[in-house]
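The following note is offered to a colleague who is meeting this structure for the first time. Please read the numbered points alongside the sequence and the model.

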Amino acid sequence: VSQSRYGSINDLLIESGINTISVSTPFSNKSALNYRNPINVNGLIARATLLDKFCALFFPRFKHNHFLIRAWSLLLDRISPKMIIGIHPSTELCIAANLKGIWVADLQHGVISDESYYGLTWRERHNQAGWPSCILCWNQQSLTWIQNNISSHTRALVIDNPWLIRFTKRTESDRLVSSIPNPSTPSVPYRLKILVTLQWGPSFESHRPTGIPSGLLDFIKQFGHEYDWWIRVHPVMLNDIGREKLFGVLKREFHVNPSVSWTYSTDAPLPQILTQVNLHMTLSSAVTIEAGLLGIPTAPLS
């Protein structure tokens, strides 16, 4: 998976003299410029998905997602990895890797709970096959949850958050970190800076189409002039609505609120932003965990 957290692990492995190869998440945008030019497997996975859907429709007894497992198996035969690290590596990839004796790890991305990927219902169709060999966690709390709830299926290891560490323990040789500019938005040194992270889609409590919780939006407009507000738009919202359109809406909403900004806080890496703010507010974002790791308090509004 070509993402910032994965990229940091990849860089560390390469610096240690280990050969790596990156594979994009299936159905990623081919035209996107991704870090270290990962291999695109959209065609392979799309064909396997269609075959599995066809078999599920006309042959109900056919093994669930047989062709997806086979597709990943073919890819692993071609690459011959000793180990796999990814963000939520798919059940089918994990099954293929486990059958070949390849160690596969999930790199924590957000909250670890009994919902979705880490829940027992996620792999019911495969009779709980397809767990990663190990989950690489940010903190002890995540490891404890895994030990208490799914230790019979996988193990856990705390490695901290490699993306955060990259910014809190900067090195002169890290050109990626040193090349990121500071905010261009002027701010008064003694004013409190508040980061607002938005969800990937607006909820019933949120203003459409900005996704900002309605109560917070009203507060910022009426009483928020004494603070600097940095709004961080979720990348999925940018893709769905469009950057120009969404930023245009924010500009209209806050045209009389000069202390509100969103360009730098959306574009800059999250760890850099967190080292520059005093408070974090969100509806229910997993950024709460990352802020906590850096000692930044969060006001959850959900």
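1. Which residue in β4 does Cys-134 stand opposite? The residue facing Cys-134 is Arg-155 in β4. It should be said at the outset that this is a predicted model. The pair belongs to the contact between strand β3, residues 134-137, and β4, which run in the parallel sense and are joined over four bridges.

2. The wider setting is an open sheet of four strands, arranged in the order β1-β2-β3-β4 with parallel pairing. At its edges are β1 and β4 (155-158), each of which pairs on one side only. On average, neighbouring strands of this sheet are turned by 25° against each other, direction ignored. As general background, strands of a sheet pair through backbone hydrogen bonds, either parallel or antiparallel.

3. Strand β3 deserves attention residue by residue. In a regular strand the side chains alternate between the two faces of the sheet. Here Cys-134 and Leu-136 point one way from β3, while Ile-135 and Cys-137 point the other way, and all are buried. Ile-135 has a partner on either hand: Asp-106 stands opposite Ile-135, and in β4 its bridge partner is Ala-156. The pairing of β2 with β3 is likewise in the parallel sense, over three bridges.

4. What packs on this part of the model? With the four-stranded sheet in view, β3 and β4 may be taken together, as they pair over four bridges. Helix α5, residues 140-149, packs on the sheet and touches β3 and β4, and its direction makes about 170° with that of β4.

5. Is helix α4 largely enclosed or open to the outside? Seven of the nine residues of α4 (residues 91-99) are buried, so the helix is largely enclosed by the rest of the structure. The buried residues are Thr-91, Glu-92, Leu-93, Cys-94, Ile-95, Ala-96 and Ala-97. Their cover includes α3 (66-79), β1 (83-86) and β2 (103-107). After α4 comes Gly-101, which has a positive phi, near 75°.

6. A further open sheet has five strands in the order β7-β6-β5-β8-β9, with parallel pairing. The edges are held by β7 (260-261) and β9 (298-300); each has a single partner strand, so one side of each is left without a neighbour in the sheet. Strand β8, residues 279-282, runs parallel to β9 and is joined to it by three bridges. Within this pairing, Met-281 stands opposite Ala-299 in β9. Helix α8 (residues 214-223) packs on the sheet, touching β5 (193-197), β6 (228-232), β7 and β8, and its direction makes about 145° with that of β6.

7. How much space lies in the second largest pocket? The volume is about 460 Å³. The pocket is lined by 21 residues, of which His-88, Glu-115, Ser-116, Tyr-117 and Trp-122 are the closest to its centre. By class, the lining comprises six nonpolar, 10 polar and five charged residues.

8. The last point concerns a single residue, Ile-289, which lies in helix α13 (residues 287-293). Ile-289 is partly exposed, with a relative accessible area of 23%. Apart from neighbours within four places in sequence, Ile-289 is in contact with Gly-110, Val-111, Trp-138 and Asn-139. The C-alpha atoms of Ile-289 and Thr-20 are separated by 29 Å, and these two residues are 269 residues apart along the chain.

Technical notes: Residues numbered from 1 in each chain as written. Predicted model: local features only at pLDDT ≥ 70, side-chain atom pairs only at ≥ 80, totals over all residues. Heavy atoms only, no water. Helix = DSSP H or I, 4+ residues; strand = E, 2+ residues; numbered from the N terminus. Buried < 20%, exposed > 50% of the residue type's maximum accessible area, 1.4 Å probe, protein only. Contact = heavy atoms within 4.5 Å. 1 Å grid on protein atoms, 1.4 Å probe; cavity = no way out; pocket = protein on both sides within 12 Å on 5 of 7 lines; lining within 4 Å. Points joined across faces, edges and corners; volume = space filled by probe spheres on them. Nonpolar A, V, L, I, M, F, W, Y, C, P; charged D, E, K, R; others polar. Pairing = 2+ DSSP bridges. Axes fitted to C-alpha atoms, helices over the stretch in contact; angles between N-to-C directions.
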